[in-house]
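Hi,

Here is the structure I promised to send over. Have a look at it first, and then read on for what I found in it.

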Amino acid sequence: MFENPATISSNSPHLRKSGSKSVFIDPGLNGHLGGGVSEMGDLKGSSSPLHITTMVPSPIFLWRFKVVLFLFWALCCCKIGWDSVMRMSIDLRDLFLYEAFLYYNPLLLVTMMVWLWGVNLWVFSQGSVNYAKVFDLDHNHLTHREMWKCSMWMTIIVPTSMTAYLYLYSHGEVSLAASQPVLLYIAFALVLIFPFDIFYLSSRYFLLRTLWRIAFPLQPITFPDFFLADILTSMVKVFSDLERSVCRMVHRQVATIAWFEADAVCGSHQIAIPLVLVFPYICRLLQCLRQYKDTKEKSSLLNALKYSTAVPVIFLSALKYHVMPESWTSFYRPLWLFSSVINSLYSFYWDVTRDWDLSGFTKIFKFSRPSAISNLLYGRQWVYFWVIGSNLVLRCAWTYKLSAHLRHNYITVFTMTAMEMLRRFQWVFFRVENEWNKITKSHPMGEISLEEDKLLGSTTPHDV
């Protein structure tokens, strides 16, 4: 559990006894202190070396202690949350859980994405893909360790706030309960825009700058621009729920019994929902058009067409709240199904043939230090079948989330969104490696400096 005691050698030329004068011992004595030490003033009578013991817990002990502490915290949150829900009446329980889920599931999904991105970075750092070169990052970029540290704090803070929300409401503290999600959203926003050099300032600036470039694609498009925009298209559920949550906060309808009034103002049938859902796809479409303007490559137009196929899926689904049931069943629903099939198949085709380029997408699993994971995945034929098959299934299932009229079962929608984020996490490996292969082909490895290749190995815990 503890490391061995640290011992100061008796050879040391500088030995000082508490409360005594400094004594210099000639190193030429070669450690023969014995009885000679007794003849030297303040060290008289001392015939044994001094021992100083430092009680330093080992890293393994500290890691195990943190794990136990985390499990204890998780158990407490589950117990308090369950007891709080059970205190509510049955007729209000489902409605209240739906509202609580609405406020907290966006941040839970963001936390999940941060965890997965940390895994992506870890795999890249173990393999041959220099992601820092791909994203044009400097030596202060965030490593997987810093990403996991951020996601760990998010994993603690968000469920703690949700547990406090349930506990306070079930015990009659309605105003305090209503403040929990509001304070949490404000805290996350402030941390993101905090202008001082703490909380990884350069990383936050890089993220905000990239988001700005995505929203207003008026400049040449870089790889980080359209890479992050692609990830945002998988997080449209987060944005739509954020819009509804902020809407309820603005109208002071958090932790109240006015669910029907809140749904009338901030419900699924509002025009803001399809607008929020379609916004990332429109941004990505405009990026493709800007790329065509700069490069004159026809593939950019075909890529823009792919993102445009999501627009009918979103708006045809929203029409269910604004047309007669007969019209929906006979005309709009078949049209929505047809547009969903087109969008899913086109997106799947583009993933496999353009984003990934199947000719060499398993180099990432060839780690510099082979492990059980790399031996299991590298060069295995089943990896190809799994990646292609799961991508097809989840591409089709994602249509469920794009459709506002299928949002009533919030547990199912949350599950489908989490599955889509797992699909995107899988997509990241092969998309980044494909870009790295393009870089190495256009710039031979000999032209890439050793310092850039070792950029991932930087152990300085700074920013991207």
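**Helix 7 against helix 10**

Let me start with one helix pair: from helix 7, Asp225, Phe226, Ala229, Asp230, Leu232 and Thr233 meet Pro280, Tyr281, Arg284, Gln287 and Gln291 of helix 10. Sorted by class, that contact has five nonpolar, three polar and three charged residues. Helix 7 covers residues 223–233 and helix 10 covers residues 272–295, and their axes are 9 Å apart at an angle of about 155 degrees. Angles over 145 degrees count as roughly antiparallel, so that is the label for helix 7 and helix 10. The crossing of helix 7 past helix 10 is left-handed.

Before going further, please keep in mind that this is a predicted model.

**The chain as a whole**

The protein chain has 464 residues, and 42% of them are buried. I get 17 helices and two strands for the chain. Take the contacts between residues at least 6 apart in sequence: 72% of these join residues at least 24 apart. The accessible surface adds up to about 25300 Å², with 68% of that belonging to carbon and sulfur atoms.

**Helix 1 against helix 4**

The second pair is helix 1 (residues 59–87) with helix 4 (residues 144–170), packed at an angle of about 25 degrees with their axes 8 Å apart. Roughly parallel means an angle under 35 degrees, and helix 1 and helix 4 therefore fall in that class. Helix 1 also passes helix 4 in a left-handed crossing.

If you want to find the contact on screen, the helix 1 side includes Phe70, Trp73, Cys77 and Ile80, and the helix 4 side includes Met152, Thr155, Ile156 and Pro159. Further along the sequence, Ser84, Val85 and Arg87 of helix 1 also take part, as do Leu166, Tyr167 and Ser170 of helix 4. The residues of this contact divide into 10 nonpolar, six polar and one charged.

**Two buried residues**

Is threonine 111 buried or exposed? Its relative accessible area is 6%, and the cut-off for buried is under 20%, so threonine 111 counts as buried. You will find threonine 111 in helix 2, which runs over residues 90–126. Leaving aside residues up to four places away in sequence, threonine 111 touches Ser151, Met154, Thr155 and Val158. Thr155 is also one of the helix 4 residues that meet helix 1.

Cysteine 266 is the other one: it is buried, with a relative accessible area of 3%. Cysteine 266 sits in helix 9 (residues 259–266). Which residues does cysteine 266 touch, not counting those up to four places away in sequence? They are Arg244, Cys247, Arg248 and His251. For cysteine 266 and cysteine 247, the C-alpha atoms are separated by 6.0 Å, and the two residues are 19 residues apart along the chain.

**Two loop residues with positive phi**

Tyrosine 200 is not a glycine, yet its phi is positive, at about 60 degrees. Tyrosine 200 is in the loop between helix 5 (174–193) and helix 6 (201–215).

Lysine 296 likewise has a positive phi of about 60 degrees without being a glycine. Its place is the loop between helix 10 and helix 11 (298–308). With a relative accessible area of 57%, lysine 296 is exposed.

Cheers

Technical notes
Residues numbered from 1 in each chain as written. Predicted model: local features only at pLDDT ≥ 70, side-chain atom pairs only at ≥ 80, totals over all residues. Heavy atoms only, no water. Buried < 20%, exposed > 50% of the residue type's maximum accessible area, 1.4 Å probe, protein only. Contact = heavy atoms within 4.5 Å. Areas by Shrake-Rupley, 256 points an atom, 1.4 Å probe, with all protein chains shown as cover. Axes fitted to C-alpha atoms, helices over the stretch in contact; angles between N-to-C directions. Parallel < 35°, antiparallel > 145°, perpendicular 65-115°, else oblique. Left-handed = near helix turned anticlockwise from the far one by under 90°. Nonpolar A, V, L, I, M, F, W, Y, C, P; charged D, E, K, R; others polar.
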